[in-house]
Amino acid sequence: MVDIVIVNWNTGNFLNECLNSIIKDKSAFINSIVIVDNNSSDNSFDCVKNYKDLQLVKLEKNFGFGKACNIGANKLKSEYILFLNPDTRINKDSIEKVVDFMDLKSSKKFGICGIQLLDDLGLITKSCSRFPSIIGSLFYASGLSKFFPSFGNIMKEWSHDENREVDQVMGAFFFIRSKLFNELNGFDERFFVYYEEVDLTYRSFLKGYKSKFLADTYAYHEGGVSSSNIKAKRIFYSHRSQIQYFFKHFSIWKGFIIISIILFIEFWARVFLSILKFSKKNFIQTIKSYFLLLKWIINRK
């Protein structure tokens, strides 16, 4: 059986559409659904209160994605947990195909599974990634990953049209064995948002488990709904989590290399791109995000 955890923060009608797709599916594998709301200021959480057979958790403030997921997971006891973004819509066999795969005796080495994600145009999203590395981060920050995708962290050189073992799957549809999730003590709540699933997957890998991407089923994923109106903070949180990840899993000098890449390469690449596109908005948001990052780094000493 599968328990579903959905963390909501100002996602408007997307949460309704997500729940409707689950209810329409009527999968016999679904045991319970928990909605954890990170103190939304819109009416997205209020709109789902009339749904039957939902566990609803309203938090008094925004605790971040990882902690909200942990709060939701603590209420569940099924064999599998599906962490599902509210801006997704599942297909009729999205869950069945994953359960069938994970139940195979030959799949016991796989602790995490993801599926093909389609955008609003029905196009396949390049959603799988390699574990973060200095080289991958450098190629992304400089923009060179667009020309040499096999060197970037995101697996953009691969069409995502076949089943494959991968380093990590996107957290929008993140299917994990409950036993493994509990053994890893859930998501590391120091990651407010971004990299929490990367960190969990890497810790799973260190325990000997692998991740599987299934291309023979799919879900729709809008992407960036919660953070679309706070671009500066989105960039800041992404960079902060990236720095935290490298300092947690690698040596101190690699952590400082990542800081240098972000501040001295990616910053100027973003500024140059915003000027090239004549985008005053992107330029201002970039400056704001790096101001927040510098402030955080200085306060962290």
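In this predicted model, helix α6 (residues 196-206) and helix α7 (residues 231-249) have axes that come within 10 Å and cross at roughly 20°. Because angles under 35 degrees count as roughly parallel, this crossing makes α6 roughly parallel to α7. A second pair of helices, α8 and α9, is roughly antiparallel, and the points below take up both pairs before turning to strand β6 and to three single residues.

**Helices α6 and α7**

- Two packed helices are described by the angle between their axes and the distance between the axes.
- The handedness of the crossing can also be stated, and α6 passes α7 in a right-handed crossing.
- On the side of α6, the contact is made by Val198, Asp199, Tyr202 and Arg203, while α7 contributes Tyr245, Lys248 and His249.
- Sorted by chemical character, the residues of this contact between α6 and α7 comprise three nonpolar, one polar and three charged.

**Helices α8 and α9**

- The axes of helix α8 (residues 252-276) and helix α9 (residues 280-300) come within 9 Å of each other, and they cross at roughly 165°.
- Since angles over 145 degrees count as roughly antiparallel, α8 is roughly antiparallel to α9.
- The crossing of α8 and α9 is left-handed, whereas α6 passes α7 in a right-handed crossing.
- From α8, the residues Ile259, Ile262, Leu263, Glu266, Phe267, Arg270, Val271 and Ser274 take part in the contact, and they meet Asn282, Phe283, Thr286, Ile287, Tyr290, Leu293, Leu294 and Ile297 of α9.
- The residues in this contact of α8 with α9 divide into eleven nonpolar, three polar and two charged.

**Strand β6 and its partners**

- Strand β6 (residues 110-118) is mostly covered, with nine of its nine residues buried.
- With strand β9 (residues 210-221), β6 runs parallel, and eight bridges join the two strands.
- Within the pairing of β6 and β9, Gly114 stands opposite Phe213 in β9.
- With strand β8 (residues 173-177), β6 runs antiparallel, and two bridges join these strands.
- Here Ile112 is the residue that stands opposite Ile176 in β8.

**Leu138 in helix α4**

- Leu138 is found in helix α4 (residues 134-142), and this leucine has a relative accessible area of 29%, so that Leu138 counts as partly exposed.
- Although Leu138 and Ser260 are 122 residues apart in sequence, the distance between them in space is 10.0 Å, taken from C-alpha to C-alpha.
- When neighbours within four places in sequence are left aside, Leu138 is in contact with Ile261 and Ile265.

**Two loop residues with positive phi**

- His160 is not a glycine, yet this residue has a positive phi of about 60°, and its place is in the loop between α4 and β7 (164-166).
- Asn185 is likewise a residue other than glycine with a positive phi, near 60°, and Asn185 lies in the loop between α5 (178-183) and α6.
- Is each of these residues buried or exposed, given a relative accessible area of 0% for His160 and of 66% for Asn185?
- Because buried means under 20% relative accessible area and exposed means over 50%, His160 with its 0% is buried, whereas Asn185 with its 66% is exposed.

Note on methods:
Residues numbered from 1 in each chain as written. Predicted model: local features only at pLDDT ≥ 70, side-chain atom pairs only at ≥ 80, totals over all residues. Heavy atoms only, no water. Axes fitted to C-alpha atoms, helices over the stretch in contact; angles between N-to-C directions. Helix = DSSP H or I, 4+ residues; strand = E, 2+ residues; numbered from the N terminus. Parallel < 35°, antiparallel > 145°, perpendicular 65-115°, else oblique. Left-handed = near helix turned anticlockwise from the far one by under 90°. Contact = heavy atoms within 4.5 Å. Nonpolar A, V, L, I, M, F, W, Y, C, P; charged D, E, K, R; others polar. Buried < 20%, exposed > 50% of the residue type's maximum accessible area, 1.4 Å probe, protein only. Pairing = 2+ DSSP bridges.
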